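Colleague: I'd like a close look at one part of this model, the aromatic ring cluster. Please walk me through how the rings sit against each other and what surrounds them.

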Amino acid sequence: APQEFFTLGLASMLGLLLQVSDEDAAQALCLGQNGRLALLQRAGPWAGYLATVLALERGQALDEAAAQPFGGVDVVAALSDQAWAWVEAHSPGTQA
């Protein structure tokens, strides 16, 4: 589900933003086992999702096979754009 990408994306950046470990980020977001495996060990059923999220964050080409369960590369890219728009709309100083 798209929420999985959003949560993994948030988790992948939270440590850097808050200067905490990935373990602390996983705990703060109450990530389940699949999310924890992906974030902390780059393993498990969500590892491909995290690789896709990281590629999006870095502006790299997306893997079609990893994006396919979510509707393909174009859909995943659009969901990423929506997530960034949500962040922008909810950031301090951007609300009217």
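Modeller: Let's fix the term before counting: rings of Phe, Tyr and Trp (its six-membered ring) pair if their centres lie within 6.5 Å, with planes under 30 degrees apart called stacked, over 60 edge-to-face and the rest tilted. Keep in mind that the model is predicted, so local features need pLDDT of at least 70 and side-chain atom pairs pLDDT 80 or more, while totals for chains, interfaces and linings use all residues. Residues count from 1 along each chain as its sequence is written, and side-chain values use heavy atoms, leaving out hydrogens and water.

Searching the whole structure turns up 2 aromatic pairs. One joins Trp-46 and Tyr-49: their ring centres are 6.4 Å apart and the planes meet at 45°, so this pair is tilted. The other brings Tyr-49 together with Phe-70, this time edge-to-face, at 4.9 Å centre to centre and 80° between the planes. Tyr-49 is in helix 4, and Phe-70 is in the loop between helix 5 (64–67) and helix 6 (73–89), so their contact ties together parts 21 residues apart in sequence. (Helices are DSSP runs of H or I, at least four residues, numbered from the N terminus.) Put the two pairs together and you have a cluster of Trp-46, Tyr-49 and Phe-70.

How buried are these residues? Trp-46 is buried at 18% relative accessible area, and Tyr-49 is buried with 18% too. (Buried is under 20%, exposed over 50%, partly exposed in between, with a 1.4 Å probe and protein chains only.) Phe-70 is buried as well, like Tyr-49.

Now zoom out a little. Trp-46, Tyr-49 and Phe-70 are all in the list for the largest nonpolar core, which has 12 residues. (Such a core is a set of buried Ala, Val, Leu, Ile, Met, Phe, Trp, Tyr and Cys joined through side-chain atoms within 4.5 Å.) Helix 4 (residues 47–58) supplies the largest share of this core, 5 residues. Other members include Leu-8, Ala-38, Leu-62, Ala-67 and Val-76. In soluble globular proteins, nonpolar side chains tend to be buried together.

For a contact of another kind, look at Arg-36 and Glu-23, which form a salt bridge with their closest N and O atoms 2.4 Å apart. (That takes a side-chain nitrogen of Lys or Arg within 4 Å of a carboxyl oxygen of Asp or Glu.) Both residues are partly exposed, Arg-36 at 23% and Glu-23 at 35%.

Note on methods. Helix = DSSP H or I, 4+ residues; strand = E, 2+ residues; numbered from the N terminus.
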